Amino acid sequence: MERVPNVTRADAVAAVRNPLAFIAARWTPAPGTVQRAALSALVMSVVIVVTGGAVRLTGSGLGCPTWPKCTDDSLTATSEMGVHGAIEFGNRMLTYVLCAAVGWAIIAARSEKPYRRGLTRLGWAQFWIVMGNAVLGGIVVLVGLNPYTVAAHFMLTSALIAVATVMWQRTRESDAAARPLVGRSVRQLVWVLVVGSALLIAVGTVVTGAGPHAGDSSEVERMPLDWENVTKLHAVLAWIVVTLTFALWFVLKAVDAPKDPLNRTRDLFLILLAQGVIGYVQYFTDLPEILVGLHMFGSAVTWIAVLRVLLSLRERPETAVPDLPAQSYDATNASLAGPR
């Protein structure tokens, strides 16, 4: 067994000045460790969506009536506050677990050899989104669960999920230049799908802001919109996203695309169908809390699946590939199929 080297005064000073560099100089994580660290950050970003939904659906949004303390006199929830205080305070504590997961991802990425600046930046991007969302969450409480701030809180979490998904994917790739696996027309179709999905999630927050689950048993402001009409718009956007996904799968089959984009498009289609079933059932059964919670979880999973489709359209080879001789393609087919 190797002896652990003694930490000198100079080492201690270096650790205080730049702890990440100090750790990176003494630890080289295996690629699998970096991947698991990135995945843990992604999983926790989804967990925080689910627990945040639980806070709203149980009417615990003001279980801790102030921020950053739970009450004016206590940092934590007290027994007198009951279950609502425990639920809201528990969700706040999970933010620290999320920070720990993101911190682990940053440390693992910074310590990987060779150093990958882009990967580390993705980790730091998650950190700053989490910090911004924590402040926004406090504002949500201080303004009495204003629905516009609640919607912004959820959208910022969706941005966190997006960055975490990209980082998880990048941990399994090299830093070589990306090569497209499909043609420009297919990539454009997928970008339309991504934009449509983002719009679907945004309108979903409006449905929530205008709907009956205000987040607290007290009188909470709602968005002054007709809930039925907004819900119908949300359903129309969902069908557009489903149609785009279905069309994408057929286009990928037609151009004989690689299996990875096909498989991820198939997975997205199945997730969308499940999400649609939950959405319609909750609508016709007067929005039971358990189904609304499942729908929120499905929203996060759907967003990840959409991004995985986008990320599957290119590859990063481990070694440089020499330029291939130019080939002539039919203009239409070449723009669809992409490089071979």
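In the predicted model, W27 makes contacts with T33, I107, A108, S111 and K113 when residues up to four places away in sequence are left aside. The residue is placed in the loop that runs between α2 (19–26) and α3 (31–57), and its C-alpha atom is separated by 8.2 Å from that of E112, although these positions lie 85 residues apart in chain numbering. With a relative accessible area of 31%, W27 is classed as partly exposed, because this class covers values from 20% to 50%.

A second set of contacts involves helix α7 (residues 184–210), in which L189 is found. Apart from residues up to four places away in sequence, L189 touches L244, L248 and V251; for one of these partners, L248, the C-alpha separation from L189 is 7.3 Å, at a distance of 59 residues along the chain.

At the surface, W67, V135, I139, L142 and V143 together make a nonpolar patch of about 420 Å². Of these contributors, L142 belongs to helix α5 (residues 117–142), and its relative accessibility of 52% places L142 in the exposed class, since that class begins over 50%.

As regards confidence, the protein chain has a mean pLDDT of 86, with 87% of its residues reaching 70 or more. The pLDDT falls below 50 over residues 319–337, a stretch that nevertheless has 20 contacts in the model beyond near neighbours in sequence. Where pLDDT is low, predicted coordinates should not be read in detail.

Conventions
Residues are numbered from 1 along each chain as its sequence is written. This is a predicted model: local features need pLDDT of at least 70, side-chain atom pairs count only at pLDDT 80 or more; totals for chains, interfaces and linings use all residues. Side-chain values use heavy atoms; hydrogens and water are left out. Patches are made of residues with over 30% relative accessible area and no salt bridge: like charges are joined within 9 Å, nonpolar side chains (Val, Leu, Ile, Met, Phe, Trp, Tyr) within 5 Å. Accessible areas come from the Shrake-Rupley method with a 1.4 Å probe; for residues, only the protein chains shown count as cover. A salt bridge is a side-chain nitrogen of Lys or Arg within 4 Å of a carboxyl oxygen of Asp or Glu. Helices (H or I, at least four residues) and strands (E, at least two) are DSSP runs, numbered from the N terminus. Buried means under 20% relative accessible area, exposed over 50%, partly exposed in between (1.4 Å probe, protein chains only). pLDDT is the predictor's confidence in each residue, from 0 to 100. Contact means heavy atoms within 4.5 Å.
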